Amino acid sequence: MNGQTKAKFGFGLMRLPKVDDKIDLPQVCEMVDRFLAAGFTYFDTAFVYDGSEQAAKAALVDRHPRTSYTLATKLHVGKAASAEEARRELQISLERTGAGYFDYYLLHALMDTNIEKYAEYGLWDFVKEQKARGTIRHYGFSFHDKPETLDKLLTEHPDVDFVQLQINYADWENPEVQSRACYEVARRHGKPVVIMEPVKGGALADPPAEVKALFDAAAPGVSYASWALRFAASLDGVLAVLSGMSNVAQMEDNLATMGNFAPLNDEEQKVIQQAQHLLGNSAAIACTACHYCTAGCPRNIPIPEIFAAANKQLANGQQAEAAAAYAAAVAGTGKASDCIHCRQCEQICPQHLPITRLLGRCADMFEA
């Protein structure tokens, strides 16, 4: 992209606003309307996002012409006990959304721990069949693993239409995520890339104090999230950059950045490199708050909220604020010390975090 242009921007429906633990539909409707009014069309949900597909129906499908937007959803093998159950997810998603068809359909969160199950259940052939029938228009997969595994998958499935990758400036050279290496594999195979987690679950909208000072000096008054979005959208071969916005204010900030998009220039790229260096020295826990880890936790431990509390101290030195956030996070639920080391959370964590060890660290920090 050169100069000022309209970026390819997507609304990720994973972290929708809530009131009393229920999705705030009036606010979602307003966010959808503003997004479409700004000229953007790509919406992304998933079978496993609690209430998200139903919210897509109420806020988008029932209120706007089907030709005015594109809708993506995903099939997650981890929720299926059989091939039949896995294939049934598509029909359930169609019923939940009322969309009639999906413009983009993904096999969800592929990594070494589950790729054999996708093959065993015949899901690669299933999505091809559904594309031939017109139930889905394009198929791809989201991915959270090593570039070597991505290369193998794209070699075995050359007719994949696109791939969805976690890409942000913090993870560009992160050895656990390897954003750059995975992006380069996808481009080498000629696949368009949908970018997820450009703001790293919101962490890059509120980075450590040193990173904030760096950005403030380079561009006073500019939001920290805008730096993250522009880094992702400045890459070549991008189909959409997904932002999981949680309120109207975040939507407005993102639209201000992406509606009149300008790629990062050379000086701004140098600022990003400095931010990467600072983050590489940060002690913060690299959790994106996807909550995949909590669904099967036998002790009902609010893992992302505990890590967010810890990061107030680890990243910003806010000891009192961290303690208060931890107390609020574990009120009426499991504490960090309640972990029984079953490690089911580690099997599904897209960031490959050593969660049980980190919970022990949090228990020492807050409960000692």
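Which handedness does the crossing of H9 and H10 have? In this predicted model, the crossing of H9 and H10 is right-handed. The two helices, with H10 spanning residues 248–258, pack at an angle of about 45°, and their axes lie 10 Å apart. That angle makes H9 oblique to H10. On the H9 side, the contact is made by Ala225, Ser226, Leu229, Arg230 and Ala233, which meet Asp253, Asn254, Thr257 and Met258 of H10. By class, the residues of this contact divide into four nonpolar, three polar and two charged.

A second helix, H11, also packs against H9. Here the axes come within 11 Å and cross at roughly 110°, and H9 and H11 are therefore roughly perpendicular to each other. The crossing of H9 with H11 is left-handed, whereas that of H9 with H10 is right-handed. Trp227, Arg230 and Phe231 are the H9 residues involved, and their partners in H11 are Glu268, Gln269, Val271, Ile272 and Gln276. This contact divides into four nonpolar, two polar and two charged residues. Arg230 deserves a second look, since this residue of H9 takes part in the contact with H10 and also in the contact with H11.

With these two packing partners described, the surroundings of H9 can be considered as a whole. Of the 10 residues of H9, 10 are buried, so the helix is largely enclosed by the rest of the structure. The buried set includes the aromatic-ring carriers Tyr224, Trp227 and Phe231, along with Ser226 and Arg230. Among the elements that cover these buried residues are strand S9 (193–196) and strand S10 (238–243), together with the helices H8, H10 and H11.

Helix H8, one of those covering elements, runs over residues 209–218, and its buried residues are Val211, Leu214 and Phe215. Seen down the axis of H8, these buried residues fall within an arc of 90°, so they line one face of the helix. The spacing fits a familiar pattern: an α-helix has 3.6 residues a turn, so residues three or four places apart point the same way. The cover over the buried residues of H8 includes helix H9 (224–233) and helix H11 (266–280).

Returning to H10, one of its residues is Met251. What is the relative accessibility of Met251? The value is 0%, so Met251 counts as buried. Leaving aside neighbours within four places in sequence, Met251 is in contact with Phe11, Met31, Arg34, Phe35 and Met245. Arg34 lies 217 residues away from Met251 along the chain, yet the C-alpha atoms of the two are separated by 8.0 Å.

Finally, the loop between H11 and helix H12 (303–316) merits attention for its backbone. Ala289 lies in this loop and has a positive phi of about 60° although it is not a glycine. His291 is found in the loop between H11 and H12 as well, and this residue, also not a glycine, has a positive phi of about 70°. Are these two residues buried, partly exposed or exposed? Ala289 is partly exposed, with a relative accessible area of 26%, and His291 is likewise partly exposed, with a relative accessible area of 33%.

Conventions
Residues are numbered from 1 along each chain as its sequence is written. This is a predicted model: local features need pLDDT of at least 70, side-chain atom pairs count only at pLDDT 80 or more; totals for chains, interfaces and linings use all residues. Side-chain values use heavy atoms; hydrogens and water are left out. Buried means under 20% relative accessible area, exposed over 50%, partly exposed in between (1.4 Å probe, protein chains only). Helices (H or I, at least four residues) and strands (E, at least two) are DSSP runs, numbered from the N terminus. The arc is that of the directions from the helix axis to the C-beta atoms. Contact means heavy atoms within 4.5 Å. Axes are lines fitted to C-alpha atoms, for helices over the stretch in contact, and angles run from 0 to 180 degrees between N-to-C directions. Angles under 35 degrees count as roughly parallel, over 145 as roughly antiparallel, 65 to 115 as roughly perpendicular and the rest as oblique. A crossing is left-handed if the near helix is turned anticlockwise from the far one by less than a right angle, and right-handed if clockwise. Ala, Val, Leu, Ile, Met, Phe, Trp, Tyr, Cys and Pro count as nonpolar, Asp, Glu, Lys and Arg as charged, and the others, Gly among them, as polar.
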